[in-house]
Every structure is written in structure tokens, then in C-alpha cells.
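This report goes through a single protein model, element by element. It starts with the strands and ends with the charged pairs.

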Amino acid sequence: MRAHQTTLNIYEKKRDFSKTAEPRPKRVRTRKTGKPIYVIQRHDASHLHYDLRLEIGGVLVSWAVPKGPPKTTTIKRLAIQTEDHPMAYANFHGVIEEGYGAGTVQIWDKGTYCNLKDIGHDAVSMEQALANGRIEIYLHGDKLDGPYALVRTNYGDGKKNWLLMKMKKKGKHVCN
Ligand code: MN
């Protein structure tokens with residue numbers, strides 16, 4: 001079984017689809033063409049946070065960022081990895097009436113990204129970067145436009161704690 005199927009099962013188990021308008025779990029085929037997408041949802045739940053979701057391998061790999069994306073390169077923001085979400089979640093906004101994540105979801109930013117490590121002879125795929133705990137991407141969104149890094153820390157339960165950082169813009173941040 002593929003790891004991502006397991007994590008969409010976690011998404012499914014946390015929700016009662018007779019009570020929430022959130023999309024049902026469905027893995028889509030990994031697209032061979034087109035740029036992968038990302039979304040950041042402002043989630044006003046028991047604690048306000050921003051959910052960063054990156055399309056990787058046909059699902060949205062997700063992190064809850066309590067303070068939102070950093071605005072400067074000197075700030076590191078805690079990003080707690082949460083369960084993978086189905087691709088359809090990128091379009092979801094509205095009220096989760098009850099149960100897991102109850103609150104209001106707004107699409108705060110949306111766009112495409114590219115993998116800055118997928119270049120050259122030592123190219124690293126997004127799946128590998130995720131497994132390695134070091135992701136470097138360029139976000140092309142409505143709000144955000146620039147290079148960001150996600151680095152897994154050794155702290156916290158089950159290797160869920162990452163740091164989200166804004167990287168300095170350099171000429172080498174080229175996306176194909
Ligand atoms: Mn959330």
C-alpha cells in the first residue's frame with residue numbers, strides 16, 4: 001500500500017461526511033504535466049491557524065502554521081504536519097459546523113509552486129524531499145511570490161514539527 005493512501009485514511013477517519021461539507025477522500029492520479037498547486041487556508045478553529053497544503057503525489061500534503069507564513073527571511077514559523085488532504089480540498093472554503101476542525105475556512109492564498117531541489121545532477125523529487133525533511137520551493141501565488149523552505153525538526157511527537165522559512169531571493173531560484 002502506498003503511504004499516501006494510508007494518510008488519506010486518516011483524513012477520512014477524522015471526519016463524518018454526513019455532517020461536514022468538506023470533500024470526501026479521493027486520491028487523484030499524479031499529473032505529469034502542469035505545475036503542482038498549493039493553497040493556504042486561514043482556518044479560524046479553536047485556535048486560528050493557516051493550513052499550508054502542497055500537491056505531492058496526488059494528494060495535498062499539509063501543515064498547520066499557527067502564526068502564518070513568515071513575511072521576512074529572519075523569521076522561522078512552526079509548521080505542524082497534519083494529515084494529507086484530498087486534492088479537492090484546495091477549493092474548499094466555508095464553515096465546518098461541527099466535529100474535527102469546526103470553524104471557518106477561507107482560502108488565504110493559492111497558486112502553483114516548483115521544486116527548487118529538482119535541478120541538476122543531484123535533483124531531489126518532492127517525495128524524496130518530504131521524506132528527507134527538507135523542502136525548498138518557489139511559491140507563485142496571489143499573495144506569496146518567492147522561495148520558501150520547510151525543514152523538519154527533531155522536536156515534537158512523530159517528526160511532525162517543521163519550520164517554515166522564507167528564503168532570500170537569488171538568481172538561482174529558477175523554476176522550469
Ligand atoms: Mn486546519
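The sections below describe strand pairing, the nonpolar core, the metal site, the aromatic pairs and the salt bridges of this predicted model.

**Strands E1, E2 and E3**

Strand E2 covers residues 48-56 and is mostly covered, with eight of its nine residues buried. On one side E2 pairs with strand E1 (residues 37-44) in the antiparallel sense, over seven bridges. A hairpin of three residues joins E1 to E2, and Asp44 stands opposite Leu48 in E2.

E2 is also joined to E3 by seven bridges, and these two strands run antiparallel. Ile56 faces Val59 of E3 as its opposite residue. The hairpin of E2 and E3 has two residues between the strands, and Gly57 takes a positive phi near 60° there.

**Strands E7, E8 and E9**

Strand E8 (residues 145-152) is mostly covered as well: six of its eight residues are buried. E7 and E8 run antiparallel and are joined by seven bridges. Three residues lie between them in a hairpin. Within this pairing, Ile137 has Tyr148 in E8 as its bridge partner.

Strand E9 (residues 161-166) pairs with E8 over five bridges, again in the antiparallel sense. Here Val151 has Leu163 in E9 as its bridge partner.

**The nonpolar core**

In soluble globular proteins, nonpolar side chains tend to be buried together. The largest nonpolar core of this model has 35 residues, and those with the most contacts inside it are Tyr38, Leu52, Leu54, Trp63, Tyr113, Ile135 and Leu150. Strand E3 (residues 59-65) gives the largest share of this core, five residues.

What does Trp63 touch, leaving aside its neighbours within four places in sequence? Its contacts include Leu52, Leu54, Ile135 and Leu150, which are also listed among the residues with the most contacts inside the core. Trp63 further contacts Tyr50, Asp51, Ala79, Ile80, Gln81, Thr82, Leu130 and Trp162.

**The manganese site**

The manganese ion is coordinated by ND1 of His43, NE2 of His49 and OD of Asp51, at 2.2 to 2.3 Å. The spacing of these donor residues in sequence is H-x5-H-x1-D. His43 and His49 are both buried, and Asp51 is buried too. Asp51 is therefore a residue with several roles to follow in this model: a donor to the manganese ion, a contact of Trp63 and a partner in a salt bridge with Arg53.

**Aromatic pairs**

The structure holds five aromatic pairs. One of them is Tyr11 with Phe17: the ring centres lie 6.0 Å apart and the planes stand at 35°, so the pair is tilted. Tyr11 and Phe17 are both buried. Tyr89 and Phe92 form another tilted pair, with 5.1 Å from centre to centre and 45° between the planes. Both of these residues, Tyr89 and Phe92, are buried. Ring pairs link Tyr11, Phe17, Tyr89 and Phe92 into a cluster.

**Salt bridges**

Side chains of opposite charge can pair when their charged atoms come close. Seven salt bridges are found in the whole structure. The table gives three of them.

| Pair | Closest N to O |
|---|---|
| Asp16 and Lys19 | 3.9 Å |
| Asp51 and Arg53 | 3.4 Å |
| Lys117 and Glu136 | 4.0 Å |

Are the partners of these pairs buried or exposed? Asp51 is buried, and so is Arg53. Asp16 is partly exposed, at a relative accessible area of 37%, and Lys19 is partly exposed at 47%.

Lys117 and Glu136 form a salt bridge that links distant parts of the chain, 19 residues apart. Lys117 sits in the loop between strand E6 (103-115) and helix H2 (126-132), while Glu136 belongs to strand E7 (residues 134-141). Lys117 has a relative accessible area of 22% and is partly exposed. Glu136 has a value of 15%, which means that Glu136 counts as buried. Elsewhere, salt bridges that share partners join Lys14, Arg15, Glu22 and Glu83 into one network.

Note on methods. Residues numbered from 1 in each chain as written. Predicted model: local features only at pLDDT ≥ 70, side-chain atom pairs only at ≥ 80, totals over all residues. Heavy atoms only, no water. Phe/Tyr/Trp six-rings, centres within 6.5 Å; stacked < 30°, edge-to-face > 60°. Buried < 20%, exposed > 50% of the residue type's maximum accessible area, 1.4 Å probe, protein only. Salt bridge = Lys/Arg side-chain N within 4 Å of Asp/Glu carboxyl O. Helix = DSSP H or I, 4+ residues; strand = E, 2+ residues; numbered from the N terminus. Core = buried A, V, L, I, M, F, W, Y, C linked by side-chain atoms within 4.5 Å. Contact = heavy atoms within 4.5 Å. Donors = N, O, S within 2.8 Å, 3.2 Å for Na, K, Ca; no water. Pairing = 2+ DSSP bridges.
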